[in-house]
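Got a few minutes for some backbone practice? Have a look at the entry below, then try the exercises.

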Amino acid sequence: MIPSPVLSFHWNAKSEKPRCARCDFHSVRLSQRSRPSCPANAAGWRYAFWRNWTMLLLGFLVLSGCGTMRNGRGWGQDAIYPVSWERVQTAAYNAFFDYQTLIPAAGALIFTIDDWDERASDWAIDHTPIFNSVEDAKDASDTMRDILMAEAIATGFLTPSGEEPCAWSAAKAKGFAVELAAAGATGGATALLKDATGRERPDGRNDNSLPSAHASASFSYATLANRNIDATDWPKTAKRTLQISNLLLATGVAWARVEGARHYPSDVLAGAALGTFLSSFIHDAFLPTPEDDRFQLLVFPQKDGGSVQFAFSF
């Protein structure tokens, strides 16, 4: 079990009058007219608090990211160079036929039938069954997307990248460069497709509806976080729980954009497929990690039909 840091605050509760220089962390009953102000000291206290807390968190992440992966290599150690074209081709194939790419892509096509897209959007906006209001749905989509982004970064630090400080730093830099490229490619492709399609949003605000940037970014972050979790030596039950939670959180972002009147269902499904495909491809092509513990479900065509490949270790 990893110990959790405990942060405590102490103050003097016996003081009759608050002193501006101390800026004690407690409420004081004073009238609005007589309340003292100490913006400089308060700002300094907040800065010191967040600086110390950030350093503590970074130290924890750094110490947790020591060691090596199951193949004896550090996460990011073999990233970017040398490039294996066979690995690039395999990564592209697997990313395209991954169920997390094909299912939302197929769903986006299905919703274009007749007026299913518009009807589903109208129903979600009118009933808001999950988030209770359009504005709450918009706020929730931002929050959940940011959580996934923070987790992708945190899990990158938690991956084992070696014991030596110099080697650790170099491996982390290369690993994060690949993941930043994956997220950046997802954002760039999303922007290009928005300009190319010019679809009007359900609320009529602009014509940048297809695909959803929130959905593509969220599924990109979820994919990267799940790949990072695969590289750790955590218990398999914990891994699967976190990975499923990430996919559910990304799905929540996508649905919140529909309830928030910002996108049609096909917009978010297309974004989910795009974010998953690009992030899976770039990560697996340029940031090799052990795959023996990775959950996989591939759907691919064959001469006389199709085939489904399902694999996981237990």
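This is a predicted model, and three short exercises with worked solutions follow.

**Exercise 1.** Check what end-to-end span helix 9 should have, and work out whether helix 9 is largely enclosed or not.

*Solution.* Start with the length: helix 9 covers residues 265–286, which makes 22 residues. The expected span is 1.5 Å times one less than the number of residues, so helix 9 should span 32 Å. Now compare: the end C-alpha atoms are 32 Å apart, which agrees. Next, burial, meaning under 20% relative accessible area. Of the 22 residues, 18 are buried, so helix 9 is largely enclosed by the rest of the structure.

**Exercise 2.** Which residues are joined by the cis peptide bond with omega of about 0 degrees, and which by the one at about -5 degrees?

*Solution.* Take the bond at about 0 degrees: it joins Tyr81 and Pro82. Pro82 sits in the loop between helix 1 (39–64) and helix 2 (85–97). The bond at about -5 degrees links Leu210 to Pro211. Place Pro211 in the loop between helix 6 (165–197) and helix 7 (213–230).

**Exercise 3.** Is Ile80 buried or partly exposed, and is Asp114 buried or exposed?

*Solution.* Begin with Ile80, a non-glycine residue whose phi is positive, near 70 degrees. Ile80 is in the loop between helix 1 and helix 2. Its relative accessible area is 38%, so Ile80 is partly exposed. Then go to Asp114, where phi is near 50 degrees, again positive without being glycine. Asp114 belongs to the loop between helix 3 (99–110) and helix 4 (116–127). The cut-off for exposed is over 50%; Asp114 has 64% relative accessibility, so Asp114 counts as exposed.

Key. Residues numbered from 1 in each chain as written. Predicted model: local features only at pLDDT ≥ 70, side-chain atom pairs only at ≥ 80, totals over all residues. Heavy atoms only, no water. Helix = DSSP H or I, 4+ residues; strand = E, 2+ residues; numbered from the N terminus. Buried < 20%, exposed > 50% of the residue type's maximum accessible area, 1.4 Å probe, protein only.
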